[in-house]
Amino acid sequence: MLHIIQFGYIVAVMIGVVPFAMQLMINVKNLSVNNLMVKSRNTLLFLALIVVFNMCDFLIIFGKSEFESIGVDWIYILENLLEVALAYVLIAMQRDYVEQKRNNWLILVFLALSAVLLWVDIIFQTDYFVLAERLYVILMIMLNAVPVAILTYYVIKYMKIVMRLNKDKMVNIYLIIYNVVFLFLCIITTISIIDSRTTLDYVENDKEIYLLFWLIFNGLNVVFMLSSCSIVTDRDISIEETIERLAEAYNLSAREKEIALLIYEGKNNNEIADMLFLSTNTVKVHTSNLYRKLGVTNRVQAIQFINENSWCSKTDD
């Protein structure tokens, strides 16, 4: 059974690498997509953390069976920190999607939480101080509940904005899936770490459940990336040329052309403002004018509109 689990984790890692590689290629090559969340750097970081998490799980399973002297407990400590990192990145993904300002204090909160988790884990690992098992369990449950509570607050806040703006339905569904998955991940990871690092055993077959979870989740990520990619054939002109043509056809200003290109590249209003040395409000005004002229209502539709017009051949001139 152990060898089956090991093989399963190899498969899970391989499946997890696929959406990460696809997202990286989309960003590097600036490929066409039908939703902006795929082009977000935080989405790339989220998928990268998933791959690292899968590799840690495999090393734990492989290390326990093959090398008894390997410090698998330190990998558990790393997974605790990865869990906190995933919570922050998931919040950042949703923040970018609804175009809200970044809260710098939130980074400090998560860094402080990571430091406390690391301190508790190291104390329990090194026996520098005597930390009873049950006290360790209580601390782990409480500390791992903190990122869940913070994420829940921001999920409610951002999803209200998503529903009001009527954004892409597929992305909305996946955001809900990601949030539910993270909640399950926190629960199963915490239980698995407690079961593995103490003499307690709350859940039988937790490794099998954990493996099945990763296989399903990584498979969903592959489906999401594939469904987010627009297959463009026979493109004879560049995006810059396409936007130039749209500017002539729809009377776009020079600033609106710049913003149209940056929107296509996946930049949010804050990033555009920084790149063009404008205020965020000024960018919002230009963006609204751009949407009105193109006859669209949001960024996803604007990107789709640009993609549709980029298929024209040069013989149309």
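The largest cavity in this predicted model is lined by Phe 46, Ile 50, Leu 86, Tyr 178, Val 181, Phe 182, Leu 185, Phe 213, Trp 214 and Phe 217. Three elements each give two or more residues to this lining: α2 (41-66), α6 (169-197) and α7 (206-228). The most comes from α6, which supplies four residues. The volume of the largest cavity is about 60 Å³. Its lining is made up of ten nonpolar residues, with no polar and no charged ones. Among the nonpolar residues are Phe 46, Phe 182, Phe 213 and Phe 217. Tyr 178 and Trp 214 also belong to this lining.

The structure holds two cavities of 30 Å³ or more. The second largest encloses about 50 Å³ of space. Its lining consists of Tyr 9, Asp 57, Ile 60, Ile 61, Tyr 76, Glu 79, Ser 192, Lys 207 and Tyr 210. At least two of these residues come from each of α2, α3 (72-97) and α7. Here α2 has the largest share, with three residues.

The two linings can be set side by side by residue class. Around the second largest cavity, five residues are nonpolar, one is polar and three are charged. Asp 57, Glu 79 and Lys 207 are among the residues that line this cavity, as is Ser 192. The lining of the largest cavity, by contrast, has no polar and no charged residues. Both α2 and α7 give two or more residues to the lining of the largest cavity, and each supplies at least two to that of the second largest.

Notes:
Residues are numbered from 1 along each chain as its sequence is written. This is a predicted model: local features need pLDDT of at least 70, side-chain atom pairs count only at pLDDT 80 or more; totals for chains, interfaces and linings use all residues. Side-chain values use heavy atoms; hydrogens and water are left out. On a 1 Å grid over the protein atoms alone, a cavity is a set of points where a 1.4 Å probe fits but cannot get out, and a pocket is an open set with protein on both sides within 12 Å along at least five of seven lines; lining residues have an atom within 4 Å of a point. Grid points are joined across faces, edges and corners, and a volume is the space filled by probe spheres set on the points. Ala, Val, Leu, Ile, Met, Phe, Trp, Tyr, Cys and Pro count as nonpolar, Asp, Glu, Lys and Arg as charged, and the others, Gly among them, as polar.
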